[in-house]
Amino acid sequence: MSTDTAHDQDAVPAHRYTAALAGSIEQRWQQHWEEHGTYHAPNPVGPLSTGKPVPDDKLFVQDMFPYPSGAGLHVGHPLGFIGTDVFARYHRMNGRNVLHTMGFDAFGLPAEQYAVQTGQHPRTTTETNIETYLRQIRRLGLGHDERRRISTIDEGYYKWTQWIFLQVFNSWYDADAGRARPIDELIAQFADGSRPTPDGRPWAELSGTEQQAVLGEHRLAYLSEAPVNWCPGLGTVLANEEVTADGRSERGNFPVFRRSLRQWMMRITAYSDRLIDDLERLDWPEKVKAMQRNWIGRSHGARVRFAVGDESIEVFTTRPDTLFGATYAVLAPEHDLVDRIVPDEWPADVDPRWTEGAATPAEAVAAYRRAASTKSELDRQENRDKTGVFTGAYAVNPVNGARVPVFVADYVLMGYGTGAIMAVPGQDQRDWDFATKFGLPVVRTVRPSDGFEGEAFTGEGPAINSAFLDGMGVDDAKKTIIGWLEEHGHGRGTVQYKLRDWLFSRQRYWGEPFPVVYDSDGAPIALPDSMLPVVLPEVDDYSPRTFDPEDANSEPSPPLSRATEWTEVELDLGDGPKTYRRDTNTMPNWAGSCWYQLRYVDPTDDERFVGRENERYWLGPRTTEHGAADPGGVDLYIGGVEHAVLHLLYSRFWQKVLFDLGHVSGDEPYRRLFNQGYVQAYAYTDSRGTYVPADQVVEEDGKFFFEGREVNREYGKMGKSLKNVVTPDEMAETYGADTFRFYEMSMGPMDVSRPWATKDVVGAQRFLQRLWRNLVDENTGELRVTDEEPSEESLRALHRAVAGVREDYESLRYNTAGAKLIELNNHITKTYGGTAGTPRTIAEGVVQMLAPLSPHIAEELWSRLGHGESLAHGPFPRPDERYLVVDTVEYPIQVGGKVRSRVVVAAGASQDEVRAAALADEKIAELVGTATPRKVIVVPNRLVNIVL
RNA sequence: GCCCCCGUGGCCCAAUCGGCAGAGGCAGAUCCCUUAAAAGGAUUGCGGUACGGGUUCGAAUCCCGUCGGGGGCACCA
């Protein structure tokens, strides 16, 4: 091994661009950049300002906030980071003021779980991981403004996360004005009587506790006793978004139970309409917009009241036009009304299928509810057989006075709409299934299309069996019936959303503490800004108490509740020193990432979360550039599609609240979003299903072998357990970071997932090696550049590349940009490889164009070409039109769609001239013969097609 | 079940408005250099665009259907 290496080194010219040379160049330039603050982006004002005016032309590029995992990076992680870096570098070279940096979303469960196991403080673990992470990304040559690095666990950062929480807490949504307002303005309305209190008493007569309770109904952050997803196995409650469709925790896969707990909620539902409608103003992938719309789930319909004795059931329906076909009604098992409508006895002649054999309706309902409550969400999911039981009560269909039986059934969910439905089996398949099972009548109220042989008909058609609606289409019928319902006081048109308020408390240690305290009444009191941050206390035990995963009745006990010296605190909040209790929950992981783009802008401001002028410069709307509807926000935000709903919805919500309260100038955080694809990898399992090291598997005739035995190939993620991890460190070691960057960007378009192939990396290395050799003598290290005037052909090749590469960089097509550079370099090799050297014009052009993709080698060559200044701020070449125009065009001539000949015509030739030239061509004349072509199509600069 | 995206040489991928299927890389083949090997250099494209229809003078591109892959939602009334 050692002798081989020595031999190899003898054979390699001293100045060849090898991994070792690349490594030393890279380290040198990384140090240079850092020492010179090359990537510092000046702010208009404040400590990060240079005191000079900033250029109006700015660009804010952002990567999705990484979590500093202990496992370190694999080659998939930097795909987006390099992508943003190339974009940022390209625009920086073109003279724009570019803000690009990276911080850390550093609160989170892994560090806490590690702490639970080892007792090591999560901060220690996290900070170590951040060090590792920074070392890894530094090696990639990312042009970050390192002064702007932030971390959510820094007190200087989470102080402002807490401050924003208080802004949300101290505001309410004025539905009439369509925006959030300070809570004081609501108090003023109550106090002066312009807004009545819920029970009509004057505001001043309410006790302090009562007043707080009323305000709690309006605050955008509020405590709620509502049912939550309690996960005993994790010892915490979870947001709806963290629970899988089969009712288990997304992390850990433990059962989740619904139970009532007092938790912080964020009233994101107040913003449902704006969150949907403003999507239109964003330059985001349609897919992500669709996912957000779907998640918010706005549907238009009506609420209709069905009388049941003295009570009435309010149902929600999106198909009020089918009201005449409602043949029964259903309440969710948890619905309050059930107990009140159940009669003492079954009606005479009750259908035996409806009673479950119970002696009385009360018994039947109780048994059904019991059964439903023990059914896990998974059971409900898997078993779509309709079940239910008759309540013994009848409701009256308001539109025709029909008596319809009321059932309890778990296919109706308490959490959506009113928890009650009118069932229209003729137009709804679920209702059809239920009706069929229980022998309920079906009345069609929309005429099915001809030949329809299905069951429920959900399509368009004229109304039938619907009295005054008959003959109307669905939309007309909806409008008409809603009018009728409103006129007669039976209901009203309404809009329903799937989106629920955001559960904002976690029973965790490693998160932001809540900046509130509770008095003896248990009412939350916001701490004044001067008391922020509320710092996390030290504790002995980091674990929340976890329970038997199946124990639904267990009580949450967060780690902070054991820090008794911290939880009980004496404070003077204006009425003398009193003892208060702190909130022992912490904020969810999403909190810190909801607003980090704002802090990147002004990371050192300790007066405000972000300085106004700096915010307006980097994130404010720019209507002249982006149109009248421009919401402002980060100019390019790149990250994986996995954050399509949660992070991106929460961020938008916070941004809108801050906007409404006048703290920021734009109402959206991210103007343009781009989802990068994933780097995936093959993994191999042997006959026992055990993963074997992927780098030792060999391929033969389409089969795969490890140590001589055939193994099975799988395709998917890269991961330690799959034994297929490739790290950027290894790539930098073996090939150099510039090669790695170039290869990673060459693999395909940014938004497409692709398999990693280490063996292909050598292509990128060869390219950089050839480029180096074209400019530097491998044996002497002398510059191989001449002051010769390049040939016309070379200038054309150069400027064609400049024009194409510019477009490619601008539209994130780095793979084709790379290909054009290789093409140009191939031209240089061919033309000047055997000469004294490459003409300087060409050499400088190719180096400049390479810089965004492979910045270190470009800086090195640029400096060797005699330039004292870094290439980071340009120049980037512009195409010269003179070399883009062509003198002649070769037209292929098709006859009947097949290429039969070619003619060369002057570039400016008119269509008639091209046509004449084509018809005059010998081969064509022969084919056409004496016939007159039916049609001759001339596509300028493309081709000629003759139709005989 | 519903919705969205994607199928191009052995592999990763190009092809701007519907206009000659091929820019680039890997692998392969041949040759040059070399005592030899590696590295380097030169030359080299074998698929007609998953499949079946349709529109068009002309389809990888547009439309319909099928198959395959990936993703999202899922008893949301």
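# Exercises on a predicted model: cores, sheets and salt bridges

The largest nonpolar core has 168 residues, and those with the most contacts inside it are Phe165, Trp502, Phe504, Phe609, Trp654, Trp756 and Tyr809. A nonpolar core here is a set of buried Ala, Val, Leu, Ile, Met, Phe, Trp, Tyr and Cys residues joined through side-chain atoms within 4.5 Å. Buried means under 20% relative accessible area, exposed over 50%, and partly exposed in between (1.4 Å probe, protein chains only).

Some ground rules before we start. This is a predicted model, in which local features need pLDDT of at least 70 and side-chain atom pairs count only at pLDDT 80 or more, while totals for chains, interfaces and linings use all residues. Residues are numbered from 1 along each chain as its sequence is written, chains are lettered from A and ligands numbered from 1 in the order in which they are written, and side-chain values use heavy atoms, with hydrogens and water left out.

## Exercise 1: Placing the core

Task: Find which helix gives the most to the 168-residue core, and work out where this core lies relative to domain 1 and domain 3.

Solution.

Step 1. Helix α6 (residues 155-169) is the top contributor, with nine residues. Helices (H or I, at least four residues) and strands (E, at least two) are DSSP runs, numbered from the N terminus.

Step 2. Next, bring in the domains, whose bounds come from an automatic or database domain assignment. Chain A is divided into domain 1 (163-275 + 502-584), domain 2 (299-496), domain 3 (679-882) and domain 4 (886-947).

Step 3. Domain 1 and domain 3 both give residues to the core, so it lies between them.

Step 4. Now zoom in on Phe165. Leaving aside residues up to four places away in sequence, Phe165 touches Ala221, Trp264, Met266, Phe504, Phe514, Pro515, Val516 and Met587. Contact means heavy atoms within 4.5 Å.

Step 5. A second, separate core has 53 residues, including Ile313, Ala358, Val408 and Ala420.

## Exercise 2: Reading two strand pairings

Task: Give the strand order of the open sheet that contains β5, β9 and β17, then describe how β12 and β15 pair.

Solution.

Step 1. The order is β5-β9-β17, with antiparallel pairing. Two strands pair if DSSP finds at least two bridges between them.

Step 2. The edges are β5 (221-224) and β17 (502-503), each of which pairs on one side only.

Step 3. Four bridges join β5 to β9 (residues 263-266). One residue pair to look up is Leu223 with its bridge partner Trp264 in β9.

Step 4. Turn to the other pair: β12 (residues 328-331) runs antiparallel to β15, again through four bridges. Here Leu331 has Ala420 of β15 as its bridge partner.

Step 5. In a regular strand the side chains alternate between the two faces of the sheet. In β15 (residues 420-423), Ala420 and Met422 point one way and Ile421 and Ala423 the other, and all are buried.

## Exercise 3: Sorting salt bridges

Task: For three salt bridges, give the N to O distance and say whether each partner is buried or partly exposed.

Solution.

Step 1. Start with the rule: a salt bridge is a side-chain nitrogen of Lys or Arg within 4 Å of a carboxyl oxygen of Asp or Glu. By this rule the count comes to 54.

Step 2. Arg139 and Asp729 meet at 3.8 Å, N to O. The pair links distant parts of the chain, 590 residues apart, with Arg139 in helix α5 (residues 122-139) and Asp729 in helix α22 (residues 728-734). Arg139 is partly exposed because its relative accessible area is 29%, whereas Asp729, at 17%, is buried.

Step 3. Asp145 and Arg147 have their closest N and O atoms 2.9 Å apart. Asp145 is buried at 0%, and Arg147 is partly exposed at 29%.

Step 4. Asp351 and Arg353 form a salt bridge at 2.9 Å, N to O. Asp351 counts as buried because its relative accessible area is 18%, while Arg353 is partly exposed at 44%.

Step 5. For a network, look at Asp278, Arg281, Arg652, Lys656, Asp667 and Glu668, which are linked by salt bridges.

## Exercise 4: Checking the cysteines

Task: How many disulfides does a search of the whole structure find, and are Cys231 and Cys594 buried or exposed?

Solution.

Step 1. A disulfide is a pair of cysteine sulfur atoms within 2.5 Å. The search finds zero.

Step 2. Cys231 is buried, at 0% relative accessibility. Cys594 is buried too, with a relative accessible area of 1%.
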